Amino acid sequence: MLEEKRNDMRRAAVVGWPVSHSLSPLIHRAWAEREGIAARYDAIEVEPDDEAFRKRIKELQDEGYSGVNVTIPHKERALKYADKASDAAKTIGAANMLTFGDEGVIAANSDATAFRSIVLHLPRRPETALVLGAGGAARGVLWALTKRIDPVRVVLTNRTRARAEEIASIACADVVDWTSRNTALREADLVINATSLGMTGQPPLDLDHDRLKEGAVVIDIVYAPLETPLLKAARARELRAIDGLEMLMRQAVPGYLAWLGTRADVDADLRARLEAALKARAA
Ligand code: NAP
């Protein structure tokens with residue numbers, strides 16, 4: 001019965017609470033359409049409760065889903081649910097992918113591997129990286145920074161200093177007070193906003209952009225709006241600015257490959273579709 005369902009159509013989903021804002025269905029459906037495969041990618045709301053999560057994930061397995069992306073607030077719960085986990089997911093303490101297979105449920109963190117691929121492709125070696133934030137996304141950023149062959153000195157700052165101290169060991173980071181962030185900015189040749197500041201509906205990220213170092217690369221993982229004031233300031237200074245869509249598009253690649261199709265391209269066509277969706281939402 002289960003085999004029959006599996007053969008029927010490839011199925012995957014994103015699970016969150018709320019989940020209607022997720023751009024993952026758009027990405028996966030665009031790739032499936034491009035490949036011309038019979039695939040389905042749903043957005044499924046699951047309330048923030050261990051038992052509700054366990055029950056729904058089990059049902060999805062029984063219904064023939066190959067795996068799910070997991071978004072807020074279930075990323076830590078997903079790791080606990082899994083039978084096995086990738087190195088990144090274990091180090092970070094959270095997973096955004098669950099793959100259902102004969103050997104059980106495998107957790108992975110493709111947010112972190114997506115950020116690693118950005119960091120590995122930087123044009124120049126950064127000596128000092130300043131990471132703003134100490135939430136789930138910042139953990140992945142720290143993990144990714146340790147994956148460069150050439151070591152990067154990492155400076156970490158967060159409004160709640162204790163949270164930064166809790167995660168600093170992931171990248172042997174030096175923690176500085178949030179009030180010292182502008183001083184730290186002067187030294188950084190890679191600046192990463194991993195807070196939710198600057199996102200639509202959130203307060204702005206208050207940074208003295210004039211202190212951005214000559215030649216610095218600036219990454220903002222916030223993608224709504226796409227051009228945050230930080231990226232705008234970086235571009236005005238002719239600095240390399242990388243927006244949150246880069247990470248968002250790349251994090252979807254492993255899930256699509258594992259559950260639905262072949263290796264998908266992160267390209268201008270996909271970016272254009274996502275930009276249009278973000279624009280339509282903002283209107
Ligand atoms: P999170 O776990 O809730 O962490 C939020 C972070 O923002 C914490 O460091 C928090 O500091 C800080 N913050 C919130 N309000 C603040 C304020 N008023 N002043 C100073 N700091 C404040 O969230 P997350 O999961 O890490 O996500 C962070 C952002 O990354 C979100 O905008 C999310 O959409 C984005 N994201 C993007 C991608 C992508 O693919 N591009 C992937 C994942 C996440 P405290 O510790 O002091 O509260």
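The largest nonpolar core of this predicted model has 36 residues. A nonpolar core is a set of buried Ala, Val, Leu, Ile, Met, Phe, Trp, Tyr and Cys residues joined through side-chain atoms within 4.5 Å. Buried means under 20% relative accessible area, exposed means over 50%, and partly exposed lies in between, with a 1.4 Å probe and protein chains only. Phe115, Val131, Leu145, Leu156 and Ile219 have the most contacts inside this core. Two or more residues come from each of α5 (87-92), α6 (110-120), β7 (128-132), α7 (136-145), β8 (153-158), α8 (161-167), β10 (190-193) and β11 (217-220). Helix α7 gives the most, with 6 residues. Helices (H or I, at least four residues) and strands (E, at least two) are DSSP runs, numbered from the N terminus. In soluble globular proteins, nonpolar side chains tend to be buried together.

Because this is a predicted model, local features need pLDDT of at least 70 and side-chain atom pairs count only at pLDDT 80 or more, while totals for chains, interfaces and linings use all residues. Residues are numbered from 1 along each chain as its sequence is written, and side-chain values use heavy atoms, with hydrogens and water left out.

One residue of the core can be followed outward. Leaving aside its neighbours within four places in sequence, Ile219 is in contact (heavy atoms within 4.5 Å) with Phe115, Ile118, Leu190, Val191, Ile192, Asn193, Leu231 and Ile242. Apart from the largest core lies another, of 23 residues, among them Val14, Ile27, Ala30 and Tyr41.

**Helix α7**

In α7, 7 of the 10 residues are buried, so this helix is largely enclosed by the rest of the structure. The buried ones are Ala138, Gly140, Val141, Leu142, Trp143, Ala144 and Leu145. They pack against α5, α6, β7, β8, α8 and β10.

**Helix α2**

Helix α2 covers residues 24-35, and its 12 residues should span 16 Å at 1.5 Å a residue; the end C-alpha atoms are 17 Å apart, which agrees. The expected span is 1.5 Å times one less than the number of residues in the helix. Buried in α2 are Ser24, Pro25, Ile27, His28, Ala30, Trp31 and Ala32. Their cover includes β1 (10-16), β2 (39-45), β3 (67-70), α11 (244-259) and α12 (268-282). Gly36 follows α2 and has a positive phi, near 70°.

His28 belongs to α2. This residue counts as buried because its relative accessibility is 0%. With neighbours within four places in sequence left aside, His28 is in contact with Tyr41, Asn69, Ala252, Gly255, Tyr256 and Leu260.

**Helix α11**

The 16 residues of α11 reach 24 Å from first C-alpha to last, close to the 22 Å expected at 1.5 Å a residue. Of these 16 residues, 12 are buried, so α11 is largely enclosed by the rest of the structure. Among the buried residues are Ala252, Gly255 and Tyr256. Asp243 caps the N-terminal end of α11, with a side-chain oxygen 3.0 Å from the backbone nitrogen of Leu245.

Helix α11 also meets α12. Their axes come within 11 Å and cross at roughly 120°; axes are lines fitted to C-alpha atoms, for helices over the stretch in contact, and angles run from 0 to 180 degrees between N-to-C directions. Leu245, Glu246 and Met249 in α11 meet Leu270, Arg271, Leu274, Glu275 and Leu278 in α12.

**Loops and backbone angles**

Most residues other than glycine have a negative phi, and most peptide bonds are trans. The table lists exceptions of both kinds.

| Site | Backbone feature | Place |
|---|---|---|
| Trp17 to Pro18 | cis peptide bond, omega about 0° | Pro18: loop between β1 and α2 |
| Ala224 to Pro225 | cis peptide bond, omega near 10° | Pro225: loop between β11 and α10 (229-236) |
| Cys172 | positive phi, near 45° | loop between α8 and β9 (174-177) |
| Glu238 | positive phi, near 60° | loop between α10 and β12 (240-242) |

Cys172 counts as exposed because its relative accessibility is 69%. Glu238 counts as exposed because its relative accessibility is 74%.

Ser20 is found in the loop between β1 and α2. At 66% relative accessibility, Ser20 counts as exposed. The C-alpha atoms of Ser20 and Leu260 are separated by 21 Å, and the two residues are 240 residues apart along the chain.

Definitions and conventions. Polar contact = N/O pair within 3.5 Å; in protein donor to acceptor, adjacent residues only side chain to side chain.
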